[in-house]
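Here is a quick walk through one chain, with its confidence, its helices, its core and its pockets in turn. Have the viewer open as you read.

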Amino acid sequence: MNTLLEAHPKSEPAPTVPPVKAKARRNRLPRMALYALLIAGALEALVPVLWVLSGSLQSGEQLYKGTDFIPHPFEWGNFATAWNEGGFSQYLPNSLLYTGAAVLGILIIASLAGYALARIEFPGRGAVVGAILVIMIIPLPASFIAQYKLLITLGLANTRIGYILVLIAGGLPISILIMRGFFASQPKELEEAAAIDGASLLGTFWRIILPLAKPGLIAVAVIQAMAVWNEYLMGLVLFNDSSLMPVQRGLTNFVSADTPQQQILLAASLIAVLPIVIFYAIAQRHIISGLSAGALK
């Protein structure tokens, strides 16, 4: 009997997967599916950009055939034609001026207003926030006539400063709410400590609060810079002089039936978006942190 038992030893239990490894394995599949979905979305967004880049370096004949994705040869002269015939040497500096001045004005006003709405108790504060939300609901084109009449009354129609003031007014509502949420998320102990040391409210804001608001300021700057740079309709309404037009005006020079040069239009489009893409690439790491810290409250 003992011999039989020794000949057939007891079978050992099958090794079990540790619970931690099993859980990690179950979580891996949804994560891989999410990554695949994100990669597919990125490729979908990247393909049109690559197509514009490819078309801008092709000849008109090669572009209309649509048989080759890689240009041969590279037609770098398309960019020179777009720059000279499209008037980008004039429109591009205009947009740089408008964007820089409007974003600076928005940052100054939105930071002060956002701090006041977040920290200063005054009658009607809730009504002010509600009014800002109502203004955001109104479509911007609905205010074109009123803004144009106001600029005519002030003698600012067909002027750079009038256009910049309109851009600032259009970007303030969302910017104020973002900065208000950002300031409201900051601890009040910093301001209380500064007040004990004898700092004024404005001094506390300038020396302590504003440096901490850098992520929120950069997020607002990027959002408004993209909005101002891509603005065209308001410039078309307010300006009678084409020399004052923003860079988007240059793109319309290649859209008419008299100039069916699609490869030049694609090259002009790249010239128009390049400055804002560079700005976004430099500041993109601050956008998420700024928006998450300044979530609307």
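Confidence in the chain bottoms out in helix H1 (residues 2-7), at a mean of 49, and peaks in helix H5 (residues 88-119), at 92. Those are pLDDT values, the predictor's confidence in each residue on a scale from 0 to 100. Averaged over the chain, pLDDT comes to 80, and 85% of the residues score at least 70. This is a predicted model, so local features need pLDDT of at least 70 and side-chain atom pairs count only at pLDDT 80 or more, while totals for chains, interfaces and linings use all residues. Residues are numbered from 1 along each chain as its sequence is written, and side-chain values use heavy atoms, with hydrogens and water left out.

As for the fold, the chain has 14 helices and zero strands. Both are DSSP runs numbered from the N terminus: helices are H or I with at least four residues, strands are E with at least two. Of the contacts in the chain with a separation of 6 or more, 75% link residues 24 or more positions apart; contact means heavy atoms within 4.5 Å.

Now for the inside. Of the 297 residues in the chain, 36% are buried, meaning under 20% relative accessible area with a 1.4 Å probe and protein chains only (exposed is over 50%, partly exposed in between). The largest nonpolar core holds 55 residues, and Phe88 and Phe183 touch the most other members. Such a core is a set of buried Ala, Val, Leu, Ile, Met, Phe, Trp, Tyr and Cys residues joined through side-chain atoms within 4.5 Å. Setting aside neighbours within four places in sequence, Phe183 is in contact with Ser111, Gly114, Tyr115, Ala118, Arg119, Phe205, Ile209 and Ala213.

Two glutamines are worth a click. Gln224 sits in helix H11 and counts as buried because its relative accessibility is 6%. Beyond residues up to four places away in sequence, Gln224 touches Val103, Ile106, Gly171, Ile174 and Ser175. Gln263, in helix H14, counts as buried too, because its relative accessibility is 11%. Apart from neighbours within four places in sequence, Gln263 is in contact with Gly55, Ser56, Gln58, Gly60, Leu63 and Asn78.

Then there are the pockets. On a 1 Å grid over the protein atoms alone, a pocket is an open set of points where a 1.4 Å probe fits, with protein on both sides within 12 Å along at least five of seven lines; lining residues have an atom within 4 Å of a point. Points are joined across faces, edges and corners, and the volume is the space filled by probe spheres set on them.

| Pocket | Volume | Top contributor to lining |
|---|---|---|
| Largest | About 460 Å³ | H8, seven residues |
| Second largest | About 260 Å³ | H2, six residues |

Which residues lie nearest the centre of the largest pocket? They are Leu140, Ala169, Gly170, Gly171 and Pro173, out of 19 lining residues. Helix H6 (125-137), helix H8 (160-184) and helix H11 (214-229) each supply at least two residues of that lining. By class, the lining of the largest pocket has 13 nonpolar, five polar and one charged residues. Here Ala, Val, Leu, Ile, Met, Phe, Trp, Tyr, Cys and Pro count as nonpolar, Asp, Glu, Lys and Arg as charged, and the others, Gly among them, as polar.

The second largest pocket has ten nonpolar, one polar and no charged residues in its lining, including Ala45, Leu46, Ser269 and Val277.
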